[in-house]
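Here's a walk through a predicted model. Have the structure open and follow along, one region at a time.

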2 protein chains.
Amino acid sequence: MASTYKPEQARVPPAVQLPVPPVTKFKIALCQLSVTDDKERNIVHARKAIEEAAEKGAQLVLLPEIWNSPYSNDSFPVYAEDIDAGGDASPSTAMLSEAARTLQITIVGGSIPERSGDRLYNTCCVFGKDGKLKAKHRKIHLFDIDIPGKITFVESKTLTAGENPTIVDTGNDSKVACADVGRIGIGICYDIRFQELAMIYAARGAHLLCYPGAFNMTTGPLHWELLQRSRAADNQLYVATCSPARGSGAGYIAWGHSTLVGPFGEVLATTEHEETIIIAEIDYSQIELRRTNLPLQNQRRGDLYQLVDLQRLNSQINGNAENNSL
Amino acid sequence: MASTYKPEQARVPPAVQLPVPPVTKFKIALCQLSVTDDKERNIVHARKAIEEAAEKGAQLVLLPEIWNSPYSNDSFPVYAEDIDAGGDASPSTAMLSEAARTLQITIVGGSIPERSGDRLYNTCCVFGKDGKLKAKHRKIHLFDIDIPGKITFVESKTLTAGENPTIVDTGNDSKVACADVGRIGIGICYDIRFQELAMIYAARGAHLLCYPGAFNMTTGPLHWELLQRSRAADNQLYVATCSPARGSGAGYIAWGHSTLVGPFGEVLATTEHEETIIIAEIDYSQIELRRTNLPLQNQRRGDLYQLVDLQRLNSQINGNAENNSL
């Protein structure tokens, strides 16, 4: 492909090279949990599932969106926790930290309602196997949709949208660019509809995108698998999703169908809507293979279109060396 | 959604408003043609199919990729035509022009190998119902892939990539922004893999993306439907594809499965691999409906990411009024 096509300019700043994690092959667990209105029970229940996943060999555990609370605007303020305060102010994340450290695994902790000052967020915390908080993603795109007679939900009634894309290197060793289970981009549910976010994460060198998400009975069958497969195939990386199990109550009814998709857009593991733990293998060498088969990154037309990652661009302009690689 | 999220800046230049075509509901035909090594036969055969489609009420007819020639690097130079010279130098497009005028329909003429000076292109011509050439799209992303033991093809051995995204208003009346069967973005086969092109077309106000394409027996089952559905759902517009029928010869084996997808990513009509003409209805009011259900265009985070359409941006900077709306 002639250089006049400027494929490297199709991403601004140019895409970083895919980092090489020490562990390229490992097991991921998707814990499709049943969620009740009893927060203490939800925490104990999630803790048991994480332990079971670790016993089955999972090095990375993914939880569902809003796993400690019912999914409703009425519940968010009641169940919200002050994650930054920690300790008793956030029993849900305290449990995640303890479990990660005790079980020596990485946890992408689904999401919980977060209280920060007078604001509420839908927030995903990632804990490394040292139990430390590696990253906190606040849902960037709030779920405000209206399909009359089917599903209407306005998350922005109670929640505030996050301000940052979130990519996390899961290792403990700051000298290793990307340790343990790879470089992971985080999105929550509706975030998956915005292809730009996945493209940004791919350009930042992500191996895996994790989307805790509670799609519903309308958009679930229509789009849940489609979106996961297309983000994986278009960006040639792994995509993992985790939904709550479908409840029997009167509230929001989750679609379920937690899924792992490979870098060719192939469904590697999935399930129906009941509570379950999916254990599946990730092999990052497949990313390189697929990018060699279909070298999209060298075939993009940077002379015709460019996707700009504004925060990464600004951090480079401001000479923020720490963030330069991301 | 607070204005600090700047959704209008997620596209640079900002997305144009969806134009309102006089005809919002009409029939499209996807002619999944058998293609032989006899060019004259292929032209006569395509002419018959177009006529049959028009008799069945189609106002827009879509043909397959490379419908006048076998799909091979050996054949492209032999079957190529000088489209700009026209007349006897391009019997294939002369037929399309005549058929469009005689039958009073719009034809998105699949693609043929084009000779221009010492270069060859994979080119799609669009004819309005006055028989005039409305647009010529030269495949922008050449099909160079290598899946060992499955499919290896290097189009760039013989072909040159086009230099322009192509969007076409199908009407005859230059005072009507978008007449007849709507504003159509054109891509050819491998172009569909590049989500940026579809995003650019959506921002230019396209109602429908047409992709003549000959996927193969490896990538066809893996990605053909996935790519169409995701381009449609992500951009909330119609996507139509047209493949050659699967041949029985020793050459390139096309996947078939020509398909029409609606703006919710739903398959409206499809087929297997045999020769056939799909007639299906398009209703552009569905685009507005889906964009009201899921107002993605108002929810994008222009403060975090921007997709730049370089040619449209440059034409605005250069004050090229004619192209400003596109």
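## Backbone oddities

Let's start with A:Gln236, which has a relative accessible area of 3% and so counts as buried. You'll find A:Gln236 in the loop between α5 and β13 (238-242) of chain A. Its phi is positive, near 55°, even though the residue is something other than glycine. As background, most residues other than glycine have a negative phi, and most peptide bonds are trans. A:Cys189 also goes against that habit: it isn't a glycine, yet its phi is positive at about 45°. A:Cys189 belongs to the loop between β11 (183-186) and α4 of chain A, and its relative accessibility of 3% is why it counts as buried.

Now for the peptide bonds. A:Val12 and A:Pro13 are joined by a cis bond, with omega at about -10°, and A:Pro13 sits in the loop between β1 and β2 (25-32) of chain A. Over in chain B, the bond from B:Val12 to B:Pro13 is cis too, with omega near -10°. B:Pro13 is in the loop between β1 and β2 (25-32) of chain B.

## A sheet built from both chains

Which strands make up the open sheet, and in what order? There are 4 of them, running β1(A)-β17(A)-β17(B)-β1(B), and the pairing is mixed. The edges are β1 (11-12) of chain A and β1 (11-12) of chain B, each of which pairs on one side only. In between, β17 (residues 305-309) of chain A and β17 (residues 305-309) of chain B pair antiparallel, through 5 bridges. To get your bearings, look for A:Leu307, which stands opposite B:Leu307 in β17(B).

Helices pack here as well. Helix α7 (residues 310-317) of chain B packs on the sheet, where it touches β17 of chain A plus β1 and β17 of chain B; its direction is at about 70° to that of β17(B). Helix α4 (residues 195-203) of chain A lies across β1 and β17 of both chain A and chain B, at about 80° to β17(A).

## Helix α4 of chain A

Is this helix mostly covered or mostly open? Mostly covered: 9 of the 9 residues in α4(A) are buried. Polar side chains are in there too, since the buried list includes A:Gln195 and A:Glu196 alongside A:Leu197, A:Met199 and A:Ile200. Just past the end of α4(A) comes A:Gly205, with a positive phi of about 90°.

## A hairpin to look at

In chain A, strands β6 (residues 119-127) and β7 (residues 133-138) run antiparallel and are joined by 5 bridges. A:Phe127 has A:Leu133 in β7(A) as its bridge partner. The hairpin has 5 residues between the strands, and A:Gly131 takes a positive phi near 85° there.

## Cores

The largest nonpolar core has 144 residues, and the members with the most contacts inside it are A:Ile28, A:Leu208, B:Ile28 and B:Leu208. What does A:Leu208 touch, leaving aside neighbours within four places in sequence? Its contacts include A:Ile28, A:Leu60, A:Ile184, A:Val239, A:Ile282 and A:Tyr284, and also A:Arg183. Apart from that core lies another, of 24 residues, among them A:Ala54, A:Met95, A:Ala100 and A:Ile112.

## Rings and charges

Over all chains there are 20 aromatic pairs. One of them is B:Phe153 with B:Tyr252: the ring centres are 5.9 Å apart and the planes are at 85°, so this is an edge-to-face pair. The two residues are 99 apart in the chain, with B:Phe153 in strand β9 (residues 151-154) and B:Tyr252 in the loop between β13 (238-242) and β14 (259-261) of chain B. Both B:Phe153 and B:Tyr252 are buried. In chain A, ring pairs tie A:Tyr71, A:Phe76, A:Phe143, A:Phe153, A:Tyr190, A:Phe194 and A:Tyr252 into a cluster.

Arginines turn up over rings, too. B:Arg138 lies over the face of B:Tyr121, 4.0 Å from the ring centre, and the charged end of B:Arg290 sits over the ring of B:Phe264, 3.9 Å from its centre.

## A histidine between chains

B:Phe264 comes up again as a contact of A:His223. Not counting residues up to four places away in sequence, A:His223 touches B:Phe264, B:Ala233 and B:Gly265, as well as A:Arg193 and A:Phe215. A:His223 is part of helix α5 (residues 219-235) of chain A, and it counts as buried because its relative accessibility is 1%.

Definitions and conventions:
Residues are numbered from 1 along each chain as its sequence is written. Chains are lettered from A and ligands numbered from 1 in the order in which they are written. Side-chain values use heavy atoms; hydrogens and water are left out. Two strands pair if DSSP finds at least two bridges between them. Contact means heavy atoms within 4.5 Å. Axes are lines fitted to C-alpha atoms, for helices over the stretch in contact, and angles run from 0 to 180 degrees between N-to-C directions. Rings of Phe, Tyr and Trp (its six-membered ring) pair if their centres lie within 6.5 Å; planes under 30 degrees apart count as stacked, over 60 as edge-to-face and the rest as tilted. Buried means under 20% relative accessible area, exposed over 50%, partly exposed in between (1.4 Å probe, protein chains only). A charge sits over a ring if NZ of Lys or CZ of Arg is within 6 Å of the ring centre and within 35 degrees of the ring normal. A nonpolar core is a set of buried Ala, Val, Leu, Ile, Met, Phe, Trp, Tyr and Cys residues joined through side-chain atoms within 4.5 Å.
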